[in-house]
Amino acid sequence: PRAVEGFPEPTVHSQEAHPPDSDFTSRWTRADARQLKAMSDPAAGPRENSMPEEYTAPTVPISFPDMSGGRVWVWDSWPLTDSAADQYSFKGWEVIFSLVADRNLGFDDRHTYAKLGYFFRKAGIPADQRPENGGWTYGGLVFPEGVSGEVFEDQSFSHQTEWSGSTRIFKGGNVKVFYTAVAFYRNAQGEDVKPADARIMMTPGKLKADANGVRFTGFEIHHELLKPDGKWYQNGEQNPYYNFRDPFTFKDPAHPGKTYMVFEGNTATVRGTPACTEEDLGYRPGDPHAEDLETVRSSDARLQMANVGLAVATNDDLSSWRFLPPILSANCVTDQTERPQIYMKDGKYYLFTISHRSTFAEGIDGPEGVYAFVGNGIRSDYQPVNRGSGLAVGNPTNLNYATGFPFDPDYNQHPGTFQAYSHYVMPGGLVQSFIDTVGTKDSFRRGGTLGPTIRLDISGETITVDRSYGDGGLGGYADIPANRHANPGTFI
Ligand code: FRU
């Protein structure tokens, strides 16, 4: 990629692969992330999108349908997958897992009440022949009451939740749910009396199906897999606002016999330490738009220290894991690289992760959306896609105006600026996400349901939105189709 006038050149990244257990961590640099602002149109007026159309999702209409018929708030969701991220139906039923919360809560209060719920629907029906809301039946909560809190030594928590993860399916309807157990210790005023405690967990269960739908048994034993070590992955003592969650497991054909996991973490420094380096800034020698290291790391940018973690299973039943060094850091770039996943295509490895406009560091700006990095292995010198920026697909956003909030949009913002979050990239480049808010300051509607599925064309260092998919680029709402079908006796 070449420099845009007034902006630095992006960092040179080789895409070269390193052994998964080596200590090479690729960097999403400030020079890379400043390409986001470089591609924003400074002349875009109020409520217009300032970002290139090819990296912007089509606008979601405010008339969107609700997938649970008003029963629960729904956000982060995922299908039943195998070690290659193929998506399965089971005995004719598609099954998805979603974070859910009671509709009597405000949508922004959901995080401390999240539980894992599930939905099912008949497999094999094209999206345009389903009900507009995707045609899912809500099956209820996945786990027996209370078991996901048993892991915490300190049982005095005020709130205990189940956060994101992924679900693997095995022979005979056996499943393993990977998720994040979080305990909050808050007083009556809602302040933390001690930092939240997050653990990456796995629980085995069994999926059963009949003519009426599916249900689960098991999930009584919950294995703690990982808690942040304070060495590669920041913990609550180092930063009460640390991020540690969202496990996604997979196998790498280049390293047969091993199962890996990516997850959301932070670089393990004490909050506020001016820790980012020249390499994190990533400017080429002599770049006239380079920043001064001391200026950057003494600014608030030092508080934004995201990484994507890697771990490897140390037993066959995936109940014991070991940390490896992070595969990506975004030091002084953003504080959150959430729900990471590894996606393989044409011999390349794509690391997808979601990030917020509000979590970018001082001096960096970019839309709410899904970001992507391409390399030759799971640990490689990842090249951020699309002009070196990393943006795969963003919400329509105007970077010339303030971010606003999902509960109080900025007057000048595009109505789609909070239309989608928690994107999950599926086989064939399909992407599902949940709706947070659609509309403008004077007229907006909260989501709490899955939005329309879109499709990305993924090729080399370029990822673009397929506007020929569905209706002008918008596919079915809550459309999470299986691309594989497991029947009794199928070996997965
Ligand atoms: C993304 C996310 C996840 C987390 C969940 C908690 O939407 O922040 O990282 O698991 O939401 O609600």
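1. Which residue places a backbone N or O atom 3.1 Å from an oxygen atom of the ligand? In this predicted model, that residue is Ser-164. When the ligand is taken alone, 310 Å² of its surface is exposed, and the protein buries 96% of that area.

2. Two side chains also approach oxygen atoms of the ligand. A polar side-chain atom of Trp-75 is 2.9 Å from a ligand oxygen. For Asp-76, the distance between an N or O atom of the side chain and an oxygen atom of the ligand is 2.8 Å.

3. The surroundings of the ligand include these three residues, Trp-75, Asp-76 and Ser-164. The remaining members of the shell are Leu-99, His-111, Trp-163, Arg-245, Asp-246, Glu-264, Glu-338, Tyr-421 and Ser-422. Sorted by class, the shell comprises five charged, four nonpolar and three polar residues.

4. Several strands contribute to this shell. At least two residues of the shell come from each of β2 (72-81), β7 (159-169), β12 (245-251) and β21 (421-425).

5. The ligand takes up the space of the largest pocket. The volume of this pocket is about 1,200 Å³. Its lining consists of 42 residues, and those closest to the centre of the pocket are His-111, Trp-163, Asn-243, Arg-245 and Gln-336. Of these, His-111, Trp-163 and Arg-245 also appear in the surroundings of the ligand.

6. Which elements give two or more residues to the lining of the largest pocket? They are β2, β7, β12 and β21, together with β8 (174-186), β9 (192-210) and β22 (430-440). The largest share of this lining belongs to β9, which provides four residues. In terms of class, the lining of the largest pocket holds 18 nonpolar, 13 charged and 11 polar residues.

7. The second largest pocket has a volume of about 290 Å³. Its lining is made up of 14 residues, with Ala-196, Asp-197, Gly-236, Glu-237 and Tyr-242 closest to the centre. Here too β9 should be noted, as this strand gives the most to the lining of the second largest pocket, with five residues. The lining of the second largest pocket contains seven charged, five nonpolar and two polar residues.

8. Turning to enclosed space, the model has three cavities of 30 Å³ or more. The largest cavity has a volume of about 90 Å³. Thirteen residues line the largest cavity, and Ala-57, Ala-420, Ser-433, Pro-452 and Ile-454 are the ones nearest its centre.

9. Which strand supplies the largest share of the lining of the largest cavity? That strand is β22, with three residues. The strand β22 is also among the elements that give two or more residues to the lining of the largest pocket. By class, the lining of the largest cavity has nine nonpolar and four polar residues, and no charged residues.

Definitions and conventions: Residues numbered from 1 in each chain as written. Predicted model: local features only at pLDDT ≥ 70, side-chain atom pairs only at ≥ 80, totals over all residues. Heavy atoms only, no water. Near = heavy atom within 4 Å. Polar contact = N/O pair within 3.5 Å; in protein donor to acceptor, adjacent residues only side chain to side chain. Areas by Shrake-Rupley, 256 points an atom, 1.4 Å probe, with all protein chains shown as cover. 1 Å grid on protein atoms, 1.4 Å probe; cavity = no way out; pocket = protein on both sides within 12 Å on 5 of 7 lines; lining within 4 Å. Sits in = over half its atoms within 2 Å of the grid points. Nonpolar A, V, L, I, M, F, W, Y, C, P; charged D, E, K, R; others polar. Points joined across faces, edges and corners; volume = space filled by probe spheres on them.
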